[in-house]
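User: I would like a close look at a single part of this model, taken slowly and with its surroundings.

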Amino acid sequence: MSMSVNARVVIIGCGISGIAAAQRLVNAGFRRVRILEATARSGGRIKTCRMGDKILELGAKWLHGPSEQNPVFCLARKYGLLDPEALNPENQAMVIRECPPFVYNGFTSSGRKLNTEDIDPATEMFTELLYESGELMIERGDPWARVGDYIRSKAKQQAAEKWKDIDATSRSLRLSLISNILKGDGINLDQSIDEVDLRSFFAIYKTFPGLDCTFPGGYEGLIKNLMSELPSGLVTYNKPVRCVHWNNTEQRENPVMIECDDGERLATDHVIVTVPLGHLKKHQSTLFCPPLPPNKSHAIQNIGFGTKNKIFMEFDAPWWDAECEAIYMVWEDEDLMMDQVPDMQRSWMRKLVAFTVVKPTESSRCGHVLCGWMAGPESAYMETLSDQEVTHTITQLLRRFTGNSTITPRRVLRSQWFHDPWTCGSYSHTEDGWSVQDFHNIMEPLPTKGAQSQPLQVLFAGEATHPSCYGTVHGAFLTGWREADRLISHHSISPDQKL
């Protein structure tokens, strides 16, 4: 479709969804598009950094579902950002949930190195119970409110039956291993597994085929390529928005007025709000005037927004096996499989349950790097500590579990998404009390259908507004396209047809 549209469109946020919306609109002939970005950079929760010459992802890491159905994969392929393995048709056809399986090392809190005979039975039982809970929900309704409740209730029962021929100590260790998975990265969540209900996990979350992959040159390469295709000057950086004044009856030509923190006011026909859900939760009462309708306000509160952080640690030499890709730390006193640690101040590090090995690069000028993963309230608490406190605690943790008193990180780098004022967390999830309708309410434009005011004044995009791909980069990207397409469709219809 070729057309020239004079309508003003302001996009709040220059993350992947805002960029996708802008590119779609510009390509469709919209000539007055502007992005307001609160920070000094594009990309939002896509944030690549370096430690020496190693490329690290403080934000999004995985390209989930790299296949033809995924527009992010198609763009990454177009820009030449992926390894040849990710482009292999066989790789694209694989069906696998979340990140690829790892070659791992495991250690216990008593300094014992685990073997596959310890780890494999526990991971197999966890996986069986996880998908058994989904089948139970689909076939017979939802007798268990949350995934964690089901696994916790069944694990001990099955352990007594399946592992009756092993000694009590080994059986307890395997249950502690399941506890380790429950606490954090077992299904790659950013919140407690006890906050995930079965309906959302198995019924509405959609995955694309393809073995998940990463960007060898960094995820921000995607952002840079997308930004290079936008007109220069389209983005204004360091431009926080204070309030979106919509339904402005005094100014019919431009019914929306954007009030910025620096006092500037911008009149526009449409605004696409792409700020993270965490920011909306904290500021929705002041960000919109008049206030959002109750159904949209409730949806913002009902959909969860958790915190997952990464802690990168550089070492002079590897203390893990040469082929190792992941390291698990198992507390032997956690066979009761409790979720949150009892004493946050003293025991927050118990949620640091897994480390992944950052792949070395040729001619590396920095040491060997691990990435520790943390989720939930303990992850947010970790952000309040100094770098020295975090480094000291992790050093003591590693020495205890490995029995190697010489392990010392050379330097540490961490993300702090919860205390980032423009994100207030990592990404969205469904939690107790949510409904499918919440996703439809949160993405519904304002004013709502049937109102007498000019339509499509305020539109909403971002990963939290995708009903089946929430929490993903491609979900965020698709919502940017979705809201741009609303405006393209609206302005391609003649005035008579709109009545």
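In what order do the seven strands of the open sheet stand?

Analyst: In this predicted model, the open sheet is built from seven strands in the order β6-β5-β15-β16-β17-β14-β18, and the pairing among them is mixed. Because β6 (113-114) and β18 (411-414) each have a single partner strand, they stand at the edges, and one side of each is left without a neighbour in the sheet. At the β18 end, the partner is β14, which covers residues 308-315 and pairs with β18 in the antiparallel sense over four bridges; within this pair, E314 stands opposite R411 of β18. Towards the β6 end, helix α7 (residues 168-183) lies across β6, β5 (104-108) and β15 (326-330), and this helix runs at about 120° to β15.

A separate pairing can be set beside that of β14 and β18: strand β9 (residues 256-260) and β10 also pair in the antiparallel sense over four bridges, with A267 in β10 as the bridge partner of M257. The hairpin of β9 and β10 has four residues between the strands, and G263 there takes a positive phi near 95°. Along β10 (residues 265-268) the side chains alternate, so that L266 and T268 point to one face and are buried, whereas R265 and A267 point to the other face and are not.

As for cysteines, the structure holds zero disulfides. C324 counts as buried because its relative accessibility is 5%, and C424, with a relative accessible area of 12%, is buried as well, the cut-off for this term being under 20%.

Definitions and conventions: Residues are numbered from 1 along each chain as its sequence is written. This is a predicted model: local features need pLDDT of at least 70, side-chain atom pairs count only at pLDDT 80 or more; totals for chains, interfaces and linings use all residues. Side-chain values use heavy atoms; hydrogens and water are left out. Two strands pair if DSSP finds at least two bridges between them. Helices (H or I, at least four residues) and strands (E, at least two) are DSSP runs, numbered from the N terminus. Contact means heavy atoms within 4.5 Å. Axes are lines fitted to C-alpha atoms, for helices over the stretch in contact, and angles run from 0 to 180 degrees between N-to-C directions. A disulfide is a pair of cysteine sulfur atoms within 2.5 Å. Buried means under 20% relative accessible area, exposed over 50%, partly exposed in between (1.4 Å probe, protein chains only).
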